[in-house]
Amino acid sequence: KIIFLNFWAAWCADCMKHNAEIKEIQQMFKGKKFGGHEFEVVSVSLDADTALWKRRIVQQNLDWKNHISDLKGWESQQLKAFSVHVIPSNYLVDHTGKIIGMDVDKKKIEKILRKNYER
């Protein structure tokens with residue numbers, strides 16, 4: 001799969017604003033394949049409060065299926081794996097696990113996917 005990986009938190013005001021664009025990205029690429037690979041959104045939360053995290057997902061209608069949190073905040077292993085130091089942050093990861101975009105918006109994602117998968 002081609003993964004749009006978003007790092008955020010329910011208490012982060014900038015993340016709440018950014019979620020609107022992520023919803024647009026999810027709708028724009030939902031069900032599409034690039035080089036035979038499906039596009040999928042995965043959100044990784046820095047939240048330590050399960051109730052707030054789940055409530056924010058519902059409130060903002062973040063309707064994709066992959067919401068992850070180890071509830072360790074800034075001590076999260078996912079943050080360390082991607083060297084995330086600020087949120088919101090996002091990565092576009094190809095089907096091999098290679099990062100092909102960082103802090104991308106929908107136009108940049110479209111450009112990257114066209115360049116790499118449409119021939």
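**Exercise 1.** In this predicted model, decide whether S69 counts as buried or exposed from its relative accessibility, and then work out what surrounds S69.

*Solution.* The relative accessibility of S69 is 17%, and a residue is called buried when this value is under 20%, so S69 counts as buried. As for its place in the chain, S69 belongs to the loop that runs between β4 (66-68) and α3 (77-82). If neighbours within four places in sequence are left aside, the residues in contact with S69 are S45, D47 and W53. Turning to polar atoms, the side chain of S69 reaches the backbone oxygen of S45 at 3.2 Å, while a polar atom of that side chain lies 3.0 Å from the backbone nitrogen of L71.

**Exercise 2.** Find out what span helix α4 (residues 106-117) should have, and what distance separates its end C-alpha atoms.

*Solution.* Helix α4 has 12 residues, and at 1.5 Å a residue these should span 16 Å. The end C-alpha atoms of α4 are 16 Å apart, which agrees with the expected span. At the start of this helix, a side-chain oxygen of D105 comes to within 3.3 Å of the backbone nitrogen of K107.

**Exercise 3.** Determine which residues of α4 are buried, and which exposed residues its opposite face carries.

*Solution.* I109, I112, L113 and Y117 are the buried residues of α4. Around the axis they cover an arc of only 95 degrees, and therefore they lie on the same side of α4. The elements that cover these buried residues include β1 (2-8), α1 (13-29) and β3 (37-45). On the face turned away from the buried side, α4 carries the exposed residues K107, K111 and K115.

Conventions
Residues numbered from 1 in each chain as written. Predicted model: local features only at pLDDT ≥ 70, side-chain atom pairs only at ≥ 80, totals over all residues. Heavy atoms only, no water. Helix = DSSP H or I, 4+ residues; strand = E, 2+ residues; numbered from the N terminus. Expected span 1.5 Å × (residues − 1). Buried < 20%, exposed > 50% of the residue type's maximum accessible area, 1.4 Å probe, protein only. Arc of directions from axis to C-beta. Contact = heavy atoms within 4.5 Å. Polar contact = N/O pair within 3.5 Å; in protein donor to acceptor, adjacent residues only side chain to side chain.
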